[in-house]
Amino acid sequence: MMKLFHAKNGTLKLGDTTMDYIRFGSGKQTLAMLPGLGDGLRTVKGTALPMALMYRLFAGGFTVYAFSRKNQLPAGYTTLDMARDQAEAMDILGIEKADVFGVSMGGMIAQHLAINYPEKVHKLVLTVTCARPNPILTESVKEWISCAKRGDHSAFMESNLRRIYSERYYRNNRWMIPIVGRLTKPESYDRFFIQADACLTHDAYSRLQEIQSPTFVIGGEKDMALGGEASKEIAEKIPNVELKMYPQWGHGLYEEAEDFNQTLLQFLM
């Protein structure tokens, strides 16, 4: 199966630390995926095959990479710092230019990447993300930080499930929270705290008009993690932009909307 998708788990050297990434597909176009705040709990290490299966629609036309943040994060590490490291990681792997698909916090990093390294970004997809903190984002992230500081991973998972997924998904799956909470609790939340703080200080709003890449902004009207208005705010500022709002979905629309991958592919092709 790994050979079928040309799936590979990798780690690259980045300064005095390392960065985990995965690769799959064999197409001529390159697609770089930047995940959300969940990277603060677990990197993409070891996920090449499940990611390839989830995004198998892209495996024929694209060589797909998904990047974590680097493994040793300094205090005060910002989304702008993360974009700089992302550009360096692309250089190390010989990726001159890529379509960039950022989800949530990954979309924050992608904004800085497109603004400060325009030569590296062909097309840009910003999914369920924001250009600056807003009350919904601040409430969500501070709630997660509070749960983590108490060491209450079940409460952390419950809040994530409730804020990210649809009400139906939450009702059907909340019974798993105590089990999943015990199995997934990290040894340390330090990586999460640093990335969460970076979300709370992210601000690319005043420079969005500098983005030159054709951009697709995708949001959910029922987004309880950072609000649907955040996507509309981004789309108002970027010159060459398309906006798609899902009225029935929230922050987890990239997993719940059945047409999401096809919609994404149509924009990128």
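Which residues have the most contacts inside the largest nonpolar core? They are Phe67, Val100, Leu124 and Phe192. The model discussed here is a predicted one.

## Two nonpolar cores

The largest nonpolar core has 54 residues. Helix 3, residues 105–116, supplies the largest share of this core, with 7 residues. A second core is separate and has 31 residues. Phe24, Phe62, Ala66 and Leu264 are among them. There is a broader pattern to keep in mind. In soluble globular proteins, nonpolar side chains tend to be buried together.

Take Val100 as an example from the largest core. Leaving aside residues up to four places away in sequence, Val100 touches Leu31, Ala32 and Leu34. Val100 also touches Ala110 and Leu113. Its other contacts on this count are Val121, Lys123, Leu124 and Val125.

## Aromatic pairs around Phe101

The model has 13 aromatic pairs. One of them joins Tyr55 and Phe101. Their ring centres are 6.3 Å apart, and their planes meet at 75°. Planes over 60 degrees apart count as edge-to-face, so this pair is edge-to-face. Tyr55 sits in the loop between helix 1 (48–54) and strand 4 (62–70). Phe101 sits in strand 5, residues 98–103. The two are 46 residues apart, so the pair links distant parts of the chain. Both residues are buried.

Phe101 also pairs with Phe260. Here the ring centres are 5.9 Å apart and the planes are at 35°, so the pair is tilted. Phe260 lies in helix 11, residues 260–268. Phe101 lies in strand 5, so this pair ties together parts that are 159 residues apart in sequence.

Are these two rings buried or exposed? Buried means under 20% relative accessible area. Phe101 has 2% relative accessibility, so Phe101 counts as buried. Phe260 has a relative accessible area of 0%, so Phe260 is buried as well. Both belong to one aromatic cluster, formed by Tyr55, Phe58, Phe62, Phe101 and Phe260.

## Lysines over rings

Two lysines lie over tyrosine faces. Lys237 lies over the face of Tyr205, at 4.7 Å from the ring centre. Lys244 lies over the face of Tyr246, also at 4.7 Å from the ring centre.

## Helix 8 and its cover

Helix 8 spans residues 190–201 and has 12 residues. From first C-alpha to last, helix 8 reaches 17 Å. That is close to the expected 16 Å.

Which residues of helix 8 are buried? They are Arg191, Phe192, Ile194, Gln195, Ala196, Ala198 and Cys199. Their cover includes strand 4, helix 2 (79–92) and helix 3. Helix 4 (135–150) and helix 5 (153–164) also help cover them.

Key. Residues are numbered from 1 along each chain as its sequence is written. This is a predicted model: local features need pLDDT of at least 70, side-chain atom pairs count only at pLDDT 80 or more; totals for chains, interfaces and linings use all residues. Side-chain values use heavy atoms; hydrogens and water are left out. A nonpolar core is a set of buried Ala, Val, Leu, Ile, Met, Phe, Trp, Tyr and Cys residues joined through side-chain atoms within 4.5 Å. Buried means under 20% relative accessible area, exposed over 50%, partly exposed in between (1.4 Å probe, protein chains only). Helices (H or I, at least four residues) and strands (E, at least two) are DSSP runs, numbered from the N terminus. Contact means heavy atoms within 4.5 Å. Rings of Phe, Tyr and Trp (its six-membered ring) pair if their centres lie within 6.5 Å; planes under 30 degrees apart count as stacked, over 60 as edge-to-face and the rest as tilted. A charge sits over a ring if NZ of Lys or CZ of Arg is within 6 Å of the ring centre and within 35 degrees of the ring normal. The expected span of a helix is 1.5 Å times one less than its number of residues.
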